[in-house]
Amino acid sequence: EHYTFSEKYTVTPSSLNQEQNQEILRQVAPHEDTRIQNLIPRYGYEFYHDGMTNPLDVGFQSAIQDQKGCYPGQEVIEKMIAIGSSAKKLARVRLPVGSLQPLTPQAPLTDAQGKTLGTLTSLGTDPHSALAIVSKVALKTPLFFKTQPVAIEAHSP
């Protein structure tokens, strides 16, 4: 996490009205398990406008059009690309089947000493499968949700 860079940016919500937004959410809901399985981030869950995540954290490098000239956050993004990767990763995690504690969104994932190394962001219909934003350190360290071990099944590049 020594090489965590950030810059404030703003994502502007679409001009859809509330009814249109609700219809989109109804259409998206059945696809949450597929989204989680395929590590597809969702705005407001894994990708935020407050600078807490950036496109590289969630595997969106291909969405950055770096050939079009200058853009907000360009120095930060280019520095992270030059270093090799971001300090955070989007990961699909799994709590052991039969566990007594289902995953809850925005819950911390910790190491054995209780240090937070990630946050759960999305849950599917399977209460044992979720997406999380984790530090790169978490990829090499056993993770826990409360006292239950958590396995990282896959993560963004």
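Strand β1 is largely enclosed by the rest of the structure, because 5 of its 7 residues are buried. The model under discussion is predicted, and the strand spans residues 88–94. Two partners flank β1 in the pairing pattern. With β4, β1 pairs in the antiparallel sense over 7 bridges; with β6, the pairing is again antiparallel, over 4 bridges. Individual positions fix the register of these pairings. Arg92 stands opposite Leu131 in β4, and Val93 stands opposite Ala130 in that strand. On the β6 side, Arg94 stands opposite Ala151.

Strand β4, residues 129–135, is also largely enclosed by the rest of the structure, since 7 of its 7 residues are buried. Ser129, Leu131, Ile133 and Ser135 point one way from β4, whereas Ala130, Ala132 and Val134 point the other way; residues of both sets are buried. Besides β1, β4 pairs with strand β3 (residues 116–123), in the antiparallel sense and over 5 bridges. A hairpin of 5 residues joins β3 to β4, and Ser122 has Leu131 of β4 as its bridge partner. Leu131 therefore faces Ser122 of β3 in one pairing and Arg92 of β1 in the other. The pairings of these strands are summarised below.

| Strand pair | Sense | Bridges |
|---|---|---|
| β1 and β4 | antiparallel | 7 bridges |
| β3 and β4 | antiparallel | 5 bridges |
| β1 and β6 | antiparallel | 4 bridges |

The link between β1 and β6 also involves side chains. Glu153 forms a salt bridge with Arg92, with the closest N and O atoms 2.9 Å apart. This pair links distant parts of the chain, as Glu153 lies in strand β6 (residues 148–155) and Arg92 in strand β1, 61 residues apart. The two residues have unlike surroundings: Glu153 is partly exposed, with a relative accessible area of 36%, while Arg92 counts as buried at 10% relative accessibility.

The salt bridges of the model number 5. Those that share partners join Glu32, Arg35, Arg42 and Glu46 into one network. Within this network, the side chains of Arg35 and Glu32 meet in a salt bridge with an N to O distance of 2.9 Å. Arg35 and Glu32 are separated by about one helical turn because they are 3 residues apart in helix α2 (residues 32–37). An α-helix has 3.6 residues a turn, so residues three or four places apart point the same way. Both Arg35 and Glu32 are buried.

Glu32 also meets Arg42 in a salt bridge, at 3.2 Å from N to O. Here the pair links distant parts of the chain, with Glu32 in helix α2 and Arg42 in the loop between α2 and α3, 10 residues apart. Glu32 counts as buried because its relative accessibility is 10%, and Arg42 is buried as well, with a relative accessible area of 18%. Side chains of opposite charge can pair when their charged atoms come close.

Helix α3, residues 74–83, has a buried side and a face turned away from it. Which residues of α3 are buried? They are Val76, Ile77 and Met80. These residues lie on the same side of α3 because they cover an arc of only 95° around the axis. The face of α3 turned away from the buried side carries the exposed residues Glu75 and Ala82. Just after α3, Gly84 takes a positive phi of about 125°.

Taken as a whole, the protein chain contains 3 helices and 6 strands. Along the sequence these elements follow the pattern α-α-α-β-β-β-β-β-β. Of the 157 residues of the protein chain, 34% count as buried. The accessible surface of the protein chain comes to about 9,600 Å², and carbon and sulfur atoms hold 56% of that surface. Among contacts in the protein chain with a separation of 6 or more, 66% are between residues 24 or more positions apart.

Confidence varies along the model. The protein chain averages a pLDDT of 79, and 78% of the residues score at least 70. Of the elements of the protein chain, strand β2 (residues 108–110) has the highest mean pLDDT, 93, and helix α1 (residues 18–28) the lowest, 68. Where pLDDT is low, the predicted coordinates should not be read in detail.

Definitions and conventions:
Residues numbered from 1 in each chain as written. Predicted model: local features only at pLDDT ≥ 70, side-chain atom pairs only at ≥ 80, totals over all residues. Heavy atoms only, no water. Salt bridge = Lys/Arg side-chain N within 4 Å of Asp/Glu carboxyl O. Helix = DSSP H or I, 4+ residues; strand = E, 2+ residues; numbered from the N terminus. Buried < 20%, exposed > 50% of the residue type's maximum accessible area, 1.4 Å probe, protein only. pLDDT = per-residue confidence, 0-100. Arc of directions from axis to C-beta. Pairing = 2+ DSSP bridges. Contact = heavy atoms within 4.5 Å. Areas by Shrake-Rupley, 256 points an atom, 1.4 Å probe, with all protein chains shown as cover.
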